[in-house]
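Thanks for coming. I will put the structure up and then go through two places where its parts touch.

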Protein chains: 2
Amino acid sequence: MQAVPAIAATARKKPSASIRPSGQERQASIIAAAAALFAANGFKGTTTKEIAKAVGISEALLFKHFPTKRALYAAILKEKVSIPELLASVEEAAHKRDDERVFTLIAGHRIRRGSDPTLLRLLLFSALEGHELSAMFFRTQHRVFYDYLAGYIAQRAKEGAFRHVDPMLTARAFTGMITHHRLLHEIFGVPAHRGPEDSVAAYVTLFLDGLRAVRPTRRKAAGRGAP
Amino acid sequence: MQAVPAIAATARKKPSASIRPSGQERQASIIAAAAALFAANGFKGTTTKEIAKAVGISEALLFKHFPTKRALYAAILKEKVSIPELLASVEEAAHKRDDERVFTLIAGHRIRRGSDPTLLRLLLFSALEGHELSAMFFRTQHRVFYDYLAGYIAQRAKEGAFRHVDPMLTARAFTGMITHHRLLHEIFGVPAHRGPEDSVAAYVTLFLDGLRAVRPTRRKAAGRGAP
DNA sequence: GCTCGGTGAGTAACCACTCACTCACTAGGT
DNA sequence: ACCTAGTGAGTGAGTGGTTACTCACCGAGC
């Protein structure tokens, strides 16, 4: 719904001192404006006329840069959706067996990703609308992310530091804890309960303590009374 | 994308023994067919022509039953999205302080909800596309669900059974653990790791142990070696 | 003078929605 | 028993507006 007037303003027709932007500059400004619109309204909900207006150019020029609407959409997804660069620092922490740091790094990364509403909406829309690139992204993301975390959990369990849990289930559970909060807020409009970053420590502590806990002796119904 | 031929078949023109369906029956069959299409392709991605074809009637008749496409969509959301009936059994378990049962009931309910792809997609699409009813649903859902769970966690912490955690954060974390798994599978096409129901126990154990754990003595980097 | 950034004015297809109309059946008067 | 007026289910053939995309044509700078 929301337009992107800031971008359009940089490209207005000025009869005097006309610094005509190069093809690449134009392409970048088109992608920026279109990404915002696609994120807000989805692929079907966005018209090429709207995009052209937001950039400040004619529809015809839009089709000089991208042969079809779908090609523009694909270019945006390809640009926005990149494999994260977090693995180096995580691997270092993992080598040191610094569980807190491993989980904190991963949680922080997820929160940062989830806090970009444009990216979040773009990804959800593309998945729901069944765009091929979205499926590919998740396959890749899955490999570098969930598989790594699951592997770490399995290793720590073997070393006796964690309880014996299902590693992949646990990796997904941890990720879900983080992203659900962001999803509720960014997509469903539920008010944010805390600042995104200062909840990381709380999540990590809660989760790690669960992983490390020695199973308590079965004490069913410990303590009685109305809630 | 997928048509609903079964429904259409019941309403074909048969010169002999023509049992014309009543208005209410028609209305129900329209809602069923349209819900499947809206869930698959979203509001903007579904045409009234497609819906009429799926039901097996003319477009004109569709507009005799629902004044606009939007009204049909609203009727579907209103029907599909109902407040869950789970609170009675949960309250009983909560009164008995049966933590396992409280969390298991809630987890099971979330999984059952999340396992209906039509409902899940309908809800996500409507939230992304900004339909008013979706926001309302989540406000209601939030009250009866998250608030209750957070209240229970706070109470149990006060009684000394749980550690002192942020109750709302913890309630959302638990819910997120459950739904993320379903989201990955149903929306993003990540293969299911386990059957949905048999992961409940694993989640609950992991989470409850985290809540009950006595904070372990700080032991940074316990155990070394390559992963 | 030729390329490149840029456009106004289209076009065919598609969209939600309308209209004038048919058909099968029923209730009631005669 | 028969006519008839009414009713509700149902439709073919549109309507005006919108959509993605095209094309012939500019004007400025190298």
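The side chains of B:D209 and A:R163 form a salt bridge, with N and O 3.0 Å apart. By salt bridge I mean a side-chain nitrogen of Lys or Arg within 4 Å of a carboxyl oxygen of Asp or Glu. Between chain B and chain A the count is two salt bridges.

A word on the basis: this is a predicted model, where local features need pLDDT of at least 70, side-chain atom pairs count only at pLDDT 80 or more, and totals for chains, interfaces and linings use all residues. Residues are numbered from 1 along each chain as its sequence is written, chains are lettered from A and ligands numbered from 1 in the order in which they are written, and side-chain values use heavy atoms, with hydrogens and water left out.

Twelve residue pairs are in polar contact between chain B and chain A, both residues at pLDDT 80 or more. A polar contact is a pair of N or O atoms within 3.5 Å; within protein, one must be able to donate a hydrogen and the other to accept it, and residues adjacent in sequence count only if both atoms are side-chain atoms.

On the side of chain B that touches chain A, α8 (117-128), α9 (132-158), α10 (167-186) and α11 (200-212) of chain B each supply at least two residues. Helices here are DSSP runs (H or I, at least four residues), numbered from the N terminus. With 13 residues, α10(B) gives the most to that side.

How many residues does each chain bring to the contact? Chain B brings 66 residues and chain A brings 66 residues, contact meaning heavy atoms within 4.5 Å. The two chains bury about 5,800 Å² between them, and 64% of it is on carbon and sulfur atoms. Buried area is the accessible area (1.4 Å probe) that two parts lose on being put together, summed over both.

Now the DNA. Of the 19 residues around DNA strand C, A:R26, A:S58, A:A60, A:K64 and B:K69 come nearest; a residue is near the strand if one of its heavy atoms lies within 4 Å of it. Sugar and phosphate make up 56% of the atoms of DNA strand C that come within 4 Å of the protein.

Which part of A:R26 is 2.7 Å from a phosphate oxygen of DNA strand C? An N or O atom in its side chain. For A:S58, a polar backbone atom is 3.0 Å from a phosphate oxygen of the strand. The largest share of the surface near DNA strand C comes from α4(B), with four residues.
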